[in-house]
Amino acid sequence: MSKKKKGKSRKKGISNLTNTILSILKKERNKTFNYKQIAAKLGVNDASSRNQIIKKLRDLQGKQEIEEVERGKFKAVVNTEYHIGKLDLAAKGNGYIICDDFDDDVFVASNNINKALNGDEVEFYVYKRRHRGKLEGEITNIIKRDKSEYVGVIQIHEKKNFAFVIADSNKMYKDIFVPINKTFNAEDGDKVLVKLEDWPENADSPYGKVIQVLGKPGDHNTEIHSILAEYGLPYEFPHDVEEFANKLDTSITPEEIAKRRDMRKDLTFTIDPKDAKDFDDALSFKVLENGLYEIGIHIADVSHYLKEGTVLDDEAYERATSVYLVDRVVPMLPEVLSNNACSLRPHEEKYTFSAVFQMNDKCEIKNEWFGRTVTYSDARFAYEEAQAIIESKTNEIPAVVSLSEKTYKADQAIADAILKMDDLAKIMRRKRMSSGAISFDKVEVKFNLDEHANPVGVFFKTSKDANKLIEEFMLLANRKVSEFVGKKDPKKTFVYRVHDEPDDSKLANLQGIVSKFGYKLNFKDRKTTSASLNNLLKEVNGKKEQNLVDTLAIRSMSKAEYTTHNIGHYGLAFDYYSHFTSPIRRYPDVMAHRLLQLYLDGGKSANEEAYEEKCNHSSNMENLATKAERDSIKYMQIKFMQDHKDEEFVGVISGVTDWGIYVEIISNKCEGMVSVRDMKDDHYAFDQDQYAMVGRNSKTIYQLGDEVVVKVKNTDLVKKHLDFNLIGKHEA
């Protein structure tokens, strides 16, 4: 609240009137406004206010900031160049605009945000002055809101006939005002989903209405549903979509088989995670008379069931991806397809879309074939079972990794196939790495959950030979399908998965950080960049700073995305790459199947503009799903730490800012913050050059990568905050 001025004031001045008038005129700079229209925009109609507006208009006209176009009608004097960009808000209310017109982001102070919200597409102009070396700007117009729905906790003021929703996101800097008749019968303290409806010119807060009551804060299902709602992700299928899917004919018919290549007699098997429910890829293996190996990569033929123009296809497109949260999967397709008709389950005939290759012992491809098939899976393996075959070089599966929890012998022919394909996969991987591919084997955090979805343990998922075997053959199919279409003349529209070269400034930032750990990088050219990044990832393997360096290395890369414009895939070192192998869980793969079949049938090139729009949508939905997945892991980590409040943990300093240090616990990868206010043994100041907090008196340094001992101070499941108390440095 503004402080009251001393002494009596006869007239109440309209606060910030100059900026408000300029903001109104600049926002709609092609329109003219008289004093009455401006008063209406400000929600004032008393004589004193009108006089202030008239006086201020004359004042601004005298300064030539506005002009009188016709008697009593004013518009802004436009002598500035306007730009368009995307707003990225910091938690303190200031922000940065990312704009292609500038090399650096443009700083925007909180008083120049002008009701824009995080992620909004905005119009702005740039001042001559700079803020800490950054250009500074002011937002003049909101072109497109990034989102209109927010998750938060509702506070109901019964007597005053209104409520406020306090958003969970720290990027939402205003509480949302909700009239009492728009609370959707929510109770005080409920977690709700609120939709923004309006933000009146003279209102401090945006107005909204509650559209869903999610439950009580802290309750497990409430929080998981809140994560999905925050990103606009659904968790149930509409009734008409379920009904449509359930009525599909999923039988395997002789008429359909006759249209396909029949590969049911070829030795075929799946290798998947032990808890997988949908199997969207299978491998077949055959030794030909000429000594070549015929290897088929068989993918569930989702597009056989998913027809364009149906409610099922519309829903799948809207979702664009399955979302993998810590305790559940939110599928792209209803269960009748994802877990049944399209799942390549053992001892069942299935319709598949296949890429079949003939190759020699050196992995040289002598023949390739793409098309629709019918297959029969002879066996299903978990990664751990296939790994046992690779490691023992026998067909024996020990009880400890067996899906049946009993020791058994796999079919010898399948064991031989796995061993040969493992050899071939290793050759393909070596070739890929020597071409400049980058090996990101990032450790995945997984949780052991009890029957109530409470985390009782943390474990790390790593990629072994069996995982890499599947990965290499999926990469082969994705690359070759993409190449087959991409090399067609005349050019054909296709859905590519592209990955641009890394940004130089991000690589320089990575170099600055990893040098603190004693690592060196060489960015002279593309080859040395790839080689030194791979070397870095190899060197940090198993070290305390591995997760930090892996994360920073990934962040230094460009984001992979879907597009019809092929620029190749930097990280994989492929000139052509698409997603073809997971149509049960990714819509771009469905599009790739449809386009491939269109061109196999001799069809004309599809509409590039329409597919580019679909690619953008798919990339956006993938991005939201990734954020939701990350939030669910963070939520589960905090939940896990709630039960370990009395323990001391050894962690690595993973980030240093002027408000505190971030620490990642080595044993479970949970990250929390130590506030500088809680570092009470000295007065600490942030040293940007050293990525460190330095004690004024003791000169104690807490630097990025240092090992420290911490204890849980506070766990907030609702805000997803984990706060630590710093015990001190870890003495090894």
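Which residues do ring pairs link into a cluster? They are Phe162, Phe164, Phe177 and Tyr207. Keep in mind that this is a predicted model, so a word on confidence comes next.

**Confidence**

The chain has a mean pLDDT of 93, and 98% of its residues reach 70 or more. Residues 1–10 are another matter: the pLDDT there is below 50, and the stretch makes 0 contacts in the model beyond near neighbours in sequence.

**Rings and charges**

Searching the whole structure turns up 18 aromatic pairs. One of them is Tyr125 with Tyr127: the ring centres are 5.6 Å apart and the planes meet at 85°, so this pair is edge-to-face, the cut-off being over 60 degrees. Both partners are tucked away from solvent by the under-20% criterion, with Tyr125 buried at 8% relative accessibility and Tyr127 buried at 19%.

Two rings also have a positively charged side chain over the face, as listed here.

| Charged residue | Ring | Distance to ring centre |
|---|---|---|
| Lys147 | Tyr150 | 4.6 Å |
| Arg319 | Phe237 | 3.7 Å |

**Around Arg319**

Arg319 deserves a bit more attention. It sits in helix α8, which covers residues 311–319. With a relative accessible area of just 5%, Arg319 counts as buried, because the limit is 20%. So what does its side chain reach at 3.0 Å? That would be the backbone oxygen of Pro331. Setting aside neighbours within four places in sequence, Arg319 touches Pro234, Glu236 and Phe237, along with Val330, Pro331, Met332 and Met621. Phe237, then, is both a contact of Arg319 and the ring that Arg319 lies over.

**Helix α14**

Further along the chain there's α14, running over residues 526–539. Its 14 residues reach 20 Å from the first C-alpha to the last, close to the 20 Å expected at 1.5 Å a residue. At the N-terminal end, Asp525 acts as a cap: one of its side-chain oxygens lies 3.1 Å from the backbone nitrogen of Lys527.

Which residues of α14 are buried? The list is Thr529, Ser530, Ser532, Leu533, Asn534, Leu536 and Leu537. It helps to recall that an α-helix has 3.6 residues a turn, so residues three or four places apart point the same way. As for what covers the buried residues of α14, other helices are part of it, including α11 (412–434), α13 (504–514) and α15 (546–556).

Technical notes
Residues numbered from 1 in each chain as written. Predicted model: local features only at pLDDT ≥ 70, side-chain atom pairs only at ≥ 80, totals over all residues. Heavy atoms only, no water. Phe/Tyr/Trp six-rings, centres within 6.5 Å; stacked < 30°, edge-to-face > 60°. Buried < 20%, exposed > 50% of the residue type's maximum accessible area, 1.4 Å probe, protein only. Lys NZ or Arg CZ within 6 Å of the ring centre and 35° of its normal. pLDDT = per-residue confidence, 0-100. Contact = heavy atoms within 4.5 Å. Helix = DSSP H or I, 4+ residues; strand = E, 2+ residues; numbered from the N terminus. Polar contact = N/O pair within 3.5 Å; in protein donor to acceptor, adjacent residues only side chain to side chain. Expected span 1.5 Å × (residues − 1).
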